[in-house]
Amino acid sequence: PFPVLREVCPYYSFCEENIKDNDNLILVYPETIKFSQTMKTSHIYLENKRKSATKLDVDDIEYCLCEPGLKYGRRYLEFILESEPIEKNIIIGLSTSRTSYQFNNSKQFFGFILSDCQLVFNLNDKIEKREYGCETKIGDKIGMLIELSRSEREVTFYVNNVSCGIAFRDLPIEKLYPCVSLGFPGTRIGINSKIDFPPMQ
């Protein structure tokens, strides 16, 4: 049955499990990942069935998490830049659940600052950065390959289907939410989680 499933739904995935003799393996159609209506600030407006997010006002960098969260498994999704990524106004990444959606109150966040070709991450309540990736522009598609197993917990970013390399390893063993942070009013981004996995490098 696997070739048929691959043809119909090329983004099937299942997490690493200890499967014993005579156990049944059931492939479950993965949920569509969309922007969350509740895990965001009131300054971010969602439309297109929660597949597009727009920053309405104020210049503060604010989060919008996606749902469902992921703890194990392998998923690939793309963010479509509908605004120019300038001056840190678009950051894409993963976050644990939070009560505050302000960037300055970040906790357990792992992101890609598109305008600066940098990664930003929180370690022990201290925000750190390092160089990563390439320049991006409006219209680009930023892929995020999330691989969460018992032995490997990492994320890789892609720009127009070209890998930028592994961005983060040893992610926390808890539920992680794909997310974006948006800065300037009018900043807009789309999401698509029903796409093929990227080509192997």
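Colleague: Glad to go through this one with you! What relative accessibility does arginine 74 have?

Modeller: Happy to, and please keep in mind that this is a predicted model. Buried would need a value under 20% and exposed one over 50%. Arginine 74 counts as partly exposed because its relative accessibility is 28%.

Colleague: Which side chain meets that of arginine 74 in a salt bridge?

Modeller: The N to O distance in this salt bridge is 3.0 Å, and the side chain facing arginine 74 is that of glutamate 147. Arginine 74 lies in strand S5 (residues 73-81) and its partner in strand S10, so the pair ties together parts that are 73 residues apart in sequence. The partner in strand S10 is glutamate 147.

Colleague: How many salt bridges does a search of the whole structure find, and which residue pairs with glutamate 47?

Modeller: The search of the whole structure finds 7 salt bridges. In the one made by glutamate 47, the closest N and O atoms are 2.4 Å apart, and the other residue is arginine 188. Because glutamate 47 belongs to strand S2 (residues 44-47) and arginine 188 to strand S14 (residues 188-192), the pair ties together parts 141 residues apart in sequence. So the count is 7, and the partner of glutamate 47 is arginine 188.

Colleague: Which residues are joined into one network by salt bridges that share partners?

Modeller: The side chain of arginine 188 also meets that of glutamate 82 in a salt bridge, at 2.4 Å from N to O. Glutamate 82 sits in the loop between S5 and strand S6 (90-95) while arginine 188 is in S14, so this pair ties together parts 106 residues apart in sequence. Salt bridges with shared partners thus join Glu47, Glu82 and Arg188.

Colleague: What relative accessible areas do glutamate 47 and arginine 188 have?

Modeller: Both values fall between the 20% and 50% cut-offs. Glutamate 47 is partly exposed, with a relative accessible area of 31%. Arginine 188 is partly exposed as well, and its relative accessible area is 23%.

Colleague: Which residues have the most contacts inside the largest nonpolar core?

Modeller: In soluble globular proteins, nonpolar side chains tend to be buried together. Here the largest nonpolar core has 35 residues, and those with the most contacts inside it are Phe35, Phe79, Ile92, Phe157 and Ile189.

Colleague: Where is threonine 187, and is it buried or exposed?

Modeller: Threonine 187 is placed in the loop between strand S13 (177-182) and S14. A polar atom of its side chain lies 2.7 Å from the backbone oxygen of phenylalanine 184. Beyond its neighbours within four places in sequence, its contacts include Ala53, Lys55, Asn89 and Leu182. At 3% relative accessibility, threonine 187 is buried.

Colleague: Which peptide bond is cis?

Modeller: Most residues other than glycine have a negative phi, and most peptide bonds are trans. Proline 68 is found in the loop between strand S4 (62-67) and S5. With omega near 5 degrees, the cis bond is the one from glutamate 67 to proline 68.

Colleague: What phi values do arginine 50 and asparagine 161 have?

Modeller: Arginine 50 is in the loop between S2 and strand S3 (52-55), and asparagine 161 is in the loop between S11 and strand S12 (162-168). Neither is a glycine, yet phi is positive in both. For arginine 50 phi is about 65 degrees, and for asparagine 161 it is near 75 degrees.

Colleague: What relative accessibility does arginine 150 have, and how far is its C-alpha atom from that of glycine 73?

Modeller: Arginine 150 lies in the loop between strand S10 (141-148) and strand S11 (153-159). It counts as exposed because its relative accessibility is 53%. Glycine 73 is 77 residues away along the chain, and the C-alpha atoms of the two are separated by 9.7 Å.

Colleague: Last one: over which residues is the pLDDT below 50?

Modeller: The protein chain averages a pLDDT of 85, and 83% of the residues score at least 70. One stretch has a pLDDT below 50, although it has 17 contacts in the model beyond near neighbours in sequence. Where pLDDT is low, the predicted coordinates should not be read in detail. That stretch is residues 1-12.

Methods: Residues numbered from 1 in each chain as written. Predicted model: local features only at pLDDT ≥ 70, side-chain atom pairs only at ≥ 80, totals over all residues. Heavy atoms only, no water. Helix = DSSP H or I, 4+ residues; strand = E, 2+ residues; numbered from the N terminus. Buried < 20%, exposed > 50% of the residue type's maximum accessible area, 1.4 Å probe, protein only. Salt bridge = Lys/Arg side-chain N within 4 Å of Asp/Glu carboxyl O. Core = buried A, V, L, I, M, F, W, Y, C linked by side-chain atoms within 4.5 Å. Polar contact = N/O pair within 3.5 Å; in protein donor to acceptor, adjacent residues only side chain to side chain. Contact = heavy atoms within 4.5 Å. pLDDT = per-residue confidence, 0-100.
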